Amino acid sequence: MRAVDLRIAAGALAIAGMLGVQSAAAQPTGEQLYNDKCAACHQKAGQGIPGAFPALKGNKVALGDEKAVALLLLTGRRAMPGFKDELSDAELATVMAYVRAAWGNKGHAITPVVFAKARTGRPLSPRPQAR
C-alpha cells in the first residue's frame with residue numbers, strides 16, 4: 001500500500017471512530033453476550049440451576065414462538081431482568097441465535113426486526129382488514 005493510501009485509510013478510521021461506527025470485529029458474538037449477560041444464572045453450558053434458573057438447553061420457551069421470546073428478553077420474568085434498556089435489537093438477536101443453536105438446540109434465528117417490533121408493540125405482520 002502506498003503512503004497516501006495508508007493516510008486515507010487512517011483518516012477514515014479516525015472519522016468512523018469519532019462517529020461511533022464500530023467494525024464488525026468490535027461487535028460481541030452471541031456466545032460473548034450470553035457469557036456476559038446470561039451464563040451467571042443459566043450457566044455456561046445452558047444447564048441452568050435446578051429450582052432457581054431454568055436450563056436453556058432444550059428449553060421449549062427459548063426455542064418456541066419468536067414473539068414470546070422477544071417479549072421475555074425485553075421485559076424479563078421473575079428473577080430474570082429485562083434487557084430492553086441494556087441490549088440493542090441486533091444484540092438480542094445475536095444472543096438468541098447463539099442460544100437457539102448451542103448445546104444441541106435446533107431453533108431458528110430470530111431477526112432484529114422481531115425484537116424491534118416487540119419493543120414498540122407493533123404487530124409482526126399486518127392484520128387482515130375486515131370487509
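Read along the sequence, this chain runs α-α-α-α-α-α. The model is predicted, so to speak on paper: local features need pLDDT of at least 70, side-chain atom pairs count only at pLDDT 80 or more, and totals for chains, interfaces and linings use all residues. Residues are numbered from 1 along each chain as its sequence is written, and side-chain values use heavy atoms, with hydrogens and water left out.

**Exercise 1.** Count the helices and strands in the chain.

*Solution.* Start with the rule: helices (H or I, at least four residues) and strands (E, at least two) are DSSP runs, numbered from the N terminus. Now count: the chain has six helices and zero strands.

**Exercise 2.** Find the buried residues of H4 and what covers them.

*Solution.* Buried means under 20% relative accessible area (1.4 Å probe, protein chains only). In H4, that picks out Val69, Ala70, Leu72, Leu73 and Leu74. Next, look for contacts, meaning heavy atoms within 4.5 Å. The cover over these H4 residues includes H5 and helix H6 (112-120). For the whole chain, 27% of the 131 residues are buried.

**Exercise 3.** Look at both ends of H4.

*Solution.* At its start, a side-chain oxygen of Asp65 comes to within 3.2 Å of the backbone nitrogen of Lys67. That is a polar contact: a pair of N or O atoms within 3.5 Å, where, within protein, one must be able to donate a hydrogen and the other to accept it, and residues adjacent in sequence count only if both atoms are side-chain atoms. Just after H4, Gly76 has a positive phi of about 80 degrees.

Note on methods. Buried means under 20% relative accessible area, exposed over 50%, partly exposed in between (1.4 Å probe, protein chains only).
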